[in-house]
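Colleague: Please take a close look at a single part of this structure, namely one of its sheets together with the elements packed around it. A connected account would be welcome, one that moves from the strands to the loops and then to the surroundings.

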Amino acid sequence: MTITTRTDTQSSGLHTADGHDLIRVQGARVNNLKDVSVEIPKRRLTVFTGVSGSGKSSLVFGAIAAESQRMINETYSAFVQGFMPTLSRPEVDVLEGLTTAIIVDQERMGANPRSTVGTATDANAMLRILFSRLGQPHIGSPNAYSFNIPTVKASGAITVERGNKTKAEKATFNRLGGMCPRCEGMGNVSDFDLTALYDDSKSLSGGALTIPGYSMDGWYGRIFSGAGFNMDKPINKFTKKEIHDLLYKEPTKIKVEGINLTYEGIIPKIQKSMLSKDVDALQPHVRAFVERAITFTTCPDCGGTRLSQEALSSKIKGKNIADVCTMQITDLADWVRDLDEPSVAPLLAGLQHLLDSFAEIGLGYLSLDRPSGTLSGGEAQRTKMIRHLGSSLTDVTYVFDEPTIGLHPHDIERMNSLLLQLRDKGNTVLVVEHKPESIAIADHIVDLGPGAGTGGGTVCFEGTVEGLRGSDTITGRHLDDRAQLKESVRSASGALEIRAASTNNLKNVDVDIPLGVLCVLTGVAGSGKSSLIHGSVAKRDGVVVIDQAGIRGSRRSNPATYTGLLEPIRKAFAKANGVKPALFSSNSEGACPTCNGAGVIYTDLGVMATVETTCEECDGKRFQAAVLEFTLGGRNIAEVLAMSVAEAEEFFEDGDARTPAAHKILDRLADVGLGYLTLGQPLTTLSGGERQRLKLAAQMAEKGDVYILDEPTTGLHLADVQNLLALLDRLVDSGKSVIVIEHHQAVMAHADWIIDLGPGAGHDGGNIVFEGSPADLVAGRSTLTGEHLAAYVGAN
């Protein structure tokens, strides 16, 4: 820029530095994006819309947020970068005007059993300091109040160097931790039902052990034999010592067929391999075994508080740290407000602000001792938001992934005001969203589509909300859709009786859930909906629960492997060609030897991003060349896995490739709106909504009479909600009972029966405030849900 130009710019009143008011994206090709170019205004609220799978997350998270994070990481030295995750540059031609991105996504908080709401938000750290300063009697440092730190005592000789002499001196070391020694800070102790571990009438070689994975045909059989057990002797004939060695023996070195191995008793081995993990994170068959064989009881020493007796003895105003952590956060905030101690004034102010932020964001009903793994996706996302609410940072880009998930219409208004607050501080706010209430507050809209998967990836509209309404895009056409109440509702064929339900905040609830109909449970977040279902219904026979827990799978997992679709396809290929089914798996015998069936080769470059190159041997097809010569209906296995669900459904329906078992699974995938997914697409590339619908398709095959769905509209575009309602109707019409926990008014309006919980959250909820048809709920307008549903359907 010349001096003349610079002077002209300044004389016009605009400083050169103020001209950078756009984030420019040119030529984005991340995932399904097709050379997308957009200009996003800074210091404004921009909402990204479009059907699920249209490319919203690819643009916002995969391009803009990813590049911002990568560039920040590059400001650190190579040594520091070695300890950070390596991020590759997204496939984008130009990315200009980026600012620091703070990502607040839907990823569940870690399911570590030691992690609680308090430890995840620093509230516990502040409370520990508070008690170490004000607690009476004074017992020690903040570590003395932490259930994750054990008490350590040591004594012995230490060598001290003074001048040229060394001298041995006796020393003792004490560190007081707050961990309960009996349960090791877990709050519960486990006990084993030995009858579930083995059948004592059988011998080890006869299959006495009933633990998943303990087969005597493999190494376990050799290890038990090498440890000196008589493999053909029934366990009920074992001596006391043999039983003790089988169950409890300490790790002992043994030699089996010339190989050094370690034998360890069954119970300590199970404790390390299964009980050290969160039960919900285990594979289904292992989880079933753990629930059958192990009983978890509240620790008798600490009463489930996880803390040592010393930590529990220290109190402020008659309450110990466990008491305050079990309080509802709104009550705890009032308790902290009443503490008037000038010596810790800054600490009290910080803690007060943190607790008030919980209430402000609609999470005041939680308690700090709530395990973080039990939070829903929406609760986890709002918990992550808390640390940003009081931040003094400005000119930051905040990126949100459907922040209204799990929110009642009443709470969405509060979330909208928080997003606008962040914007008004001078920040750029980017939101991926489907709810019309949140789309309505946007300053700028970017609508992607027109379809999903390969049918999407282009910008259909850019502009204002009014402009979107007038556009002919799918989002524009459906933005003002309002469901109508059904003229007639189905009659119940029976009822699930729930009596005196008191899980979490429920107050001895008695309710009959009708069977044979579509029943919707509503109420503000934290009113007790999930507590009612998971505490009183989920474990009954014939009940299939399809919740929001994420799909576990590596980049080798895909829709075909997850749904079991690959099994009938492999068998059909094997039968048609007279070879083994294992040849048609890229994780087994048919895998390309060069890339081991991954299709790509990863080259680790240390602190630089890992380079991913297509395997030259198989050209990314993942199979050996010999396997690709076998065909079914004129297509090889790689071509079949490259098909979309819709194509494959047609392919396996008739002709030479007719495979009824595969067609049945493909039908279910198409029913849940995943017709555009390719069979071999890695699960790691699916969006949140796609994963939940994939899970729904897989679990629809389970034999059950009652289906429970936890917010199935998560991640669904307005246009797709109608398809979901049609699917739910088909399930009910086929004789199933469907119970849906939901906040979406279209689903409420479509229900045959509504059960509304509330009236508030936490201890202000836990009651049934309405039971009846949607029409009665709207007519009465006696609850928050009734008011919002009446406004939604346009009732007078």
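**A mixed sheet and its surroundings**

Modeller: Phe400 has Val431 as its bridge partner in strand S13. The model is a predicted one, and this pair of residues offers a convenient entry into the sheet. Strand S12 comprises residues 397–401 and strand S13 residues 428–432; 5 bridges join the two, and they run parallel. Both belong to an open sheet of 6 strands, whose order is S5-S12-S13-S3-S14-S15 and whose pairing is mixed. Strand S5 (101–104) and strand S15 (458–463) occupy the edges; each has a single partner strand, so one side of each lacks a neighbour in the sheet. From one strand to its neighbour the direction turns by 15° on average, with the sense of the strands ignored. Strands of a sheet, in general, pair through backbone hydrogen bonds, in either a parallel or an antiparallel manner.

Two helices lie across this sheet. Helix H2, residues 56–73, crosses strand S3 (45–49), S5, S12, S13 and strand S14 (444–449). The angle between H2 and S5 is about 130°. Helix H15, residues 409–424, lies across S3, S12 and S13, and its direction makes an angle of about 150° with that of S13. Strands S3, S12 and S13 are thus crossed by H2 and also by H15.

The loops of this region deserve equal attention. Most residues other than glycine have a negative phi, and most peptide bonds are trans. Glu402, in the loop between S12 and H15, has a positive phi of about 45° although it is not a glycine. Elsewhere in the sheet, the loop between S14 and S15 contains Pro450. The peptide bond that joins Gly449 to Pro450 is cis, with omega about 0°. A further cis bond leads from Gln136 to Pro137, with omega near -5°; Pro137 is in the loop between helix H5 (123–134) and strand S6 (152–162).

Glu402 also leads to a void in the model. Over the whole structure, 4 cavities of 30 Å³ or more are found, and the largest of them has a volume of about 140 Å³. Its lining consists of 18 residues, and Glu402, Lys435, Thr713, Thr714 and Gly715 are those that lie nearest the centre. By character the lining comprises 5 nonpolar, 8 polar and 5 charged residues. Residues of domain 1 (22–108 + 375–478) and of domain 4 (481–551 + 698–795) both contribute to this lining, so the largest cavity lies between these two domains. The domain assignment also gives domain 2 (117–152 + 168–181 + 302–361), domain 3 (188–298) and domain 5 (553–685). The C-alpha centres of domain 1 and domain 5 are 32 Å apart.

A second sheet may be set beside the one described above. This open sheet has 3 strands in the order S2-S1-S4, with antiparallel pairing. Strand S2 (36–41) and strand S4 (94–96) are its edges; each pairs with a single strand, so one side of each is without a neighbour in the sheet. The average turn between neighbouring strands is 10° here, direction again ignored. Strand S1, residues 22–28, is joined to S4 by 3 bridges, and the two run antiparallel. Within this pairing, Arg24 has Glu96 of S4 as its bridge partner.

How values were computed
Residues are numbered from 1 along each chain as its sequence is written. This is a predicted model: local features need pLDDT of at least 70, side-chain atom pairs count only at pLDDT 80 or more; totals for chains, interfaces and linings use all residues. Side-chain values use heavy atoms; hydrogens and water are left out. Two strands pair if DSSP finds at least two bridges between them. Helices (H or I, at least four residues) and strands (E, at least two) are DSSP runs, numbered from the N terminus. Axes are lines fitted to C-alpha atoms, for helices over the stretch in contact, and angles run from 0 to 180 degrees between N-to-C directions. Domain bounds come from an automatic or database domain assignment. On a 1 Å grid over the protein atoms alone, a cavity is a set of points where a 1.4 Å probe fits but cannot get out, and a pocket is an open set with protein on both sides within 12 Å along at least five of seven lines; lining residues have an atom within 4 Å of a point. Grid points are joined across faces, edges and corners, and a volume is the space filled by probe spheres set on the points. Ala, Val, Leu, Ile, Met, Phe, Trp, Tyr, Cys and Pro count as nonpolar, Asp, Glu, Lys and Arg as charged, and the others, Gly among them, as polar. Contact means heavy atoms within 4.5 Å.
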